[in-house]
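Colleague: I am new to this structure and would like a close look at one part. Please take me through the salt bridges, and then outward to what lies around them.

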Amino acid sequence: VKEITGAPQTYLLDTSNDDVRLSVAFGDGQSGDSDVELDGVLLASGSLRDLMLGSNKQLKAAKSTIIVRSLVDHTNDNTNHLSVVYDLKGGDAPARIVVTSTFDKGPSASIKQVIKFS
Amino acid sequence: LAYKLEGRKVPRIPIAVMLSTFLTTVAGALTASSAAAQIPGPTIQDLKTPDSPGFVLLGVSPSAVERPSTPKALGVSLLSAVTSGDNLLPSDYAVTVAPYWLVGHPDLHATQYYDPDAAQSLRQTFAISFASAKSTVKGAADTASSTDFSLGFRAALLEGHGSEQIRSLNRQLSAYRIGRLALIRARDRVPDVQSTLISSDAGLKYLTDTIDEEFKKRIEADDREKNNAQKMEDVAAQGDLLAQIRAMWAAKADSVVDVLPAMLTALAELSSAHPPADGQNIDLLKKAAAEGPTRIAARVNDVSTTLLTTLESDAGGTVTKVAGEDHLRRGMMLSFAGAFASRVPASGVGDTELLRWGFWATPSYRLDKPLIDVIGVVRYIDRPDSIGTNLFDFGARIAHQVGSFVYSGEYVQRIEGKVGTSHPTSERLDVNVEYKIGDELYLTASFGRNFVGEPGPSESKGGLVSILGVNIGLGQKQTVTVQ
């Protein structure tokens, strides 16, 4: 299994009580699942869509960090490409993080992405 | 231990809930592994004939009616026509490139890929192919010493949809992934857990204290309810659970590998939630804390890695099944293809002549079960006057796939002639068999009667089609990487 670590990212928050949400999607027609840990506590595992992480105020006060682990399977063998798309919204502005790679060590790839809140 | 923990009704205990949750996750992953290993039926793979549009136009394809398929980023086809050659060495070659798959598409989700709209279908199926074949069809130059080349394309406006089995397999894969993610989390926490154990000999004390505290609430509730039977059961459960945990820690890592990942994960979560405090020491736990952390952490890592390897192996087989099933889209499909062909005679490239060009549509429908294709074709082929009249083909093919074997029959009617001229007709009637003999290697053979003027031993009356071919796809084995 190929293990990929995305470059650490920072998501800017405001001071409101608005919810911050995360979606994780997989491109190139491949299949995947993810889990999310917020400050070391597992929040969710599986298909993540609009997952509520907490309010801007909470995340900012705690200087929170999320770790998103994803596994992608090479189910579309017409291409060797894979991509993981992280969409964050609810903070200062929507943000998208895209990690791309290729399958070259077996039929799966593991991707770890760290996102800090500031 | 997992059974006993659950049997003693410990779900009311937070630490046990964490343990149980983790164990359930791991057990679920293992169950998924077991379930996947029991999938009935044959493995359906992406069987296909070497059916480059160039081969079809040059008349050397094993079938005049192509089965629909999604192109790989790069594929190579080799054909050997036993009726026209002295040996089985391939005489005809084709290279197919699907430009869409050469680059990444982060916005293409699996659901969109499996059930594409018309625009997406065109994008993901468009392929360009270049074919070379030993000259066989009628041309101005001598066929014996010439080579024919063809450049063609194919794209599907409708590409059907994924099968029921592919949905089922994808659900299994999702279960595998969730189990594997749990193991990766446990493995990633090994350094934290080790650090916690080393830095705090009271870590395990908190484990037992928490159990005591929770059982105390339980027993108090039993007293209020005057449920002596339940109280006795709870007291026994508390004693058993504490004894088991102490025994495990006393016995060090080797005898507790089955529950350590869960226990250490739970311990780490407890420790982060409740900072350790000085206080009562429990000899057994102190001993384990002093002697065990490094060994225990190593064992957790080993166990997680071993389980991961097992799950990855099982998941890999399912991934292959999904990919194979994906090449057999179900439902209505409609593809278009076109090509032109030229002949390069032995006298040189300067004497190259246009042989023919053509355009055709292939509507088809594939049943989910049994795996039967009903395929039609309407084709127009234009030829220079010096070579012959234009051709109009229409016909159908029915193919049935059973495991790794496909057999089919086809009938295509050909009408020749331009406006104002006579319209002689001829037919192609053949049966075709295909068999997958290895990864990305297919054997195909056709037998029957070909059109007049097409490859075969008796061109004037229509020849016997007899072709052996192999098809080699290069997309699956990670050979194409575009950065």
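Modeller: What follows starts with the two chains, goes on to the charged pairs and ends with their surroundings. This is a predicted model, where local features need pLDDT of at least 70 and side-chain atom pairs count only at pLDDT 80 or more, while totals for chains, interfaces and linings use all residues. Residues are numbered from 1 along each chain as its sequence is written, chains are lettered from A and ligands numbered from 1 in the order in which they are written, and side-chain values use heavy atoms, with hydrogens and water left out.

Let us begin with the chains. Chain A holds one helix and 10 strands, in the order β-β-β-β-β-β-α-β-β-β-β along its sequence. Helices (H or I, at least four residues) and strands (E, at least two) are DSSP runs, numbered from the N terminus. Of its 118 residues, 57% count as buried. Buried means under 20% relative accessible area, exposed over 50% and partly exposed in between, with a 1.4 Å probe and protein chains only. Chain B has 12 helices and 12 strands, and 51% of its 483 residues are buried.

Now for the salt bridges, of which there are 26 over all chains. A salt bridge is a side-chain nitrogen of Lys or Arg within 4 Å of a carboxyl oxygen of Asp or Glu. One of them joins Arg180(B) to Asp73(A), with the closest N and O atoms 3.5 Å apart. This pair crosses between chains, from helix H6 (residues 164-188) of chain B to strand S7 (residues 65-73) of chain A. Both Arg180(B) and Asp73(A) are buried. They also belong to a network of salt bridges that links Asp33(A), Asp73(A), Arg177(B) and Arg180(B).

Another pair stays within chain A: the side chains of Asp104(A) and Lys2(A) meet at 3.2 Å, N to O. Asp104(A) sits in the loop between strand S9 (95-102) and S10 of chain A, Lys2(A) is in strand S1, and 102 residues separate them. Lys2(A) counts as buried because its relative accessibility is 16%, whereas Asp104(A), at 43%, is partly exposed. Arg96(A) and Asp87(A) form a further salt bridge, at 2.9 Å from N to O. With relative accessibility of 48%, Arg96(A) is partly exposed; Asp87(A), at 26%, is partly exposed as well.

Lys2(A) leads us on to its strand. In S1(A), residues 2-5, Lys2(A) and Ile4(A) form the covered face, and Glu3(A) and Thr5(A) the uncovered one. S1(A) runs parallel to strand S10 (residues 108-117) of chain A, joined to it by four bridges. Two strands pair if DSSP finds at least two bridges between them. Glu3(A) has Ser110(A) as its bridge partner in S10(A).

Contacts between the chains turn up again at His105(B), which lies in the loop between strand S2 (92-97) and H4 of chain B. This histidine is buried, at 18% relative accessible area. Apart from neighbours within four places in sequence, His105(B) is in contact with Gly27(A), Asp28(A), Ser83(A) and Tyr100(B). Contact means heavy atoms within 4.5 Å.

Helix H4 (110-114) of chain B takes us one step further, to helix H5 (residues 118-125): H4, S3 and S4 of chain B are among the elements that cover the buried residues of H5(B). Those buried residues are Gln120(B), Ser121(B), Gln124(B) and Thr125(B). They lie on the same side of H5(B) because they span an arc of only 115° around the axis, an arc taken from the directions from the helix axis to the C-beta atoms. An α-helix has 3.6 residues a turn, so residues three or four places apart point the same way.

Farther along chain B, S8(B) pairs with two strands. Its pairing with S7(B) is antiparallel, over 10 bridges, and Ile372(B) has His400(B) as its partner there. Strand S9 (residues 405-416) also runs antiparallel to S8(B), over 12 bridges, with Gly395(B) opposite Val412(B). In the hairpin of S8(B) and S9(B), two residues lie between the strands, and Gly403(B) takes a positive phi near 60°.
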